[in-house]
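Me: Can you walk me through some side-chain packing here? I'd like the cut-offs as we go.
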Amino acid sequence: SSTNITITDDGGSNTLTLRIDSDTDVDGSAQPADGFSVTGIFSQFDSSSPYDSGYQLLPRTTADIVEAGDTTAPTVSTLSPADDATDVAIDSNLVATFDEEVQKGTGDITIHLASDGSVVQTIDVTDASVVVSGSTVTIDPGSDLANGTEYYVNIAGTAFDDLAGNDFAGISDATTWNFTTGSAPAIYLNEIFVDPDVVDDN
């Protein structure tokens with residue numbers, strides 16, 4: 001039998017009734033997995049005054065419904081070092097894991113001093129020090145960071161996108177990915193050896 005389905009526009013603010021007529025091949029076809037565009041006959045079924053409701057869109061065939069494909073941008077699931085982490089090793093790699101597979105785009109990854117925002121390292125995303133494996137991005141800084149120092153990481157909004165070409169929004173603030181490195185290890189002198197032959201008696 002024919003069915004009414006309520007659909008929402010891509011802005012999420014407007015709804016419309018989609019009428020699936022049982023006499024068309026749309027009835028019983030697979031529901032789109034993601035966003036879609038639809039063409040059809042616009043009609044009204046309203047038998048009550050003031051006759052200002054009951055508007056429906058009737059697709060004629062499955063060809064009237066075209067899937068838009070993946071339009072969702074990738075987002076970060078986890079970061080390493082974690083945001084606000086402390087006692088981070090100065091030779092740590094930076095690792096971002098996304099919610100889907102990503103690929104390199106263009107742009108820079110920058111490491112900043114939290115104290116004044118100055119850039120201490122700039123890494124081109126196309127450089128070999130940036131490795132993408134599925135949904136995981138590993139960044140090997142060109143040199144060790146300083147001990148006992150707070151840093152934050154920014155990523156250009158064009159640096160990574162998913163396999164459908166949707167850009168990761170990037171990180172452009174000082175709080176999303178910041179961490180503090182550990183203090184320099186203490187050095188203890190366990191034994192002092194005095195050579196009597198070189199001791200000055202004077």
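Reply: Sure, one term up front: buried means under 20% relative accessible area, exposed over 50%, and partly exposed in between (1.4 Å probe, protein chains only). This is a predicted model, where local features need pLDDT of at least 70, side-chain atom pairs count only at pLDDT 80 or more, and totals for chains, interfaces and linings use all residues. Numbering runs from 1 along each chain as its sequence is written, and side-chain values use heavy atoms, with hydrogens and water left out.

Me: Ok, how many aromatic pairs are there in the whole structure?
Reply: There are 4. Rings of Phe, Tyr and Trp (its six-membered ring) pair if their centres lie within 6.5 Å; planes under 30 degrees apart count as stacked, over 60 as edge-to-face and the rest as tilted. One of them is F98 with F160, tilted, at 6.0 Å centre to centre and 55° between the planes.

Me: Are F98 and F160 buried or exposed?
Reply: Both are buried. Ring pairs also join F98 and F160 with F168 in a cluster.

Me: What about Y151, which ring does it pair with?
Reply: F179, in a tilted pair with 6.2 Å between centres and 40° between planes. Y151 counts as buried because its relative accessibility is 4%, and F179 is buried too, at 2%.

Me: Switching topic: where's H112?
Reply: H112 is in strand 11 (residues 108-113); strands (E, at least two residues) are DSSP runs, numbered from the N terminus. At 9% relative accessibility, H112 is buried.

Me: Which residues does H112 touch?
Reply: Leaving out residues up to four places away in sequence, H112 touches several, including G117, E150 and Y151; contact means heavy atoms within 4.5 Å. A polar atom of the H112 side chain also sits 3.0 Å from the backbone oxygen of G117.

Notes. Helix = DSSP H or I, 4+ residues; strand = E, 2+ residues; numbered from the N terminus. Polar contact = N/O pair within 3.5 Å; in protein donor to acceptor, adjacent residues only side chain to side chain.
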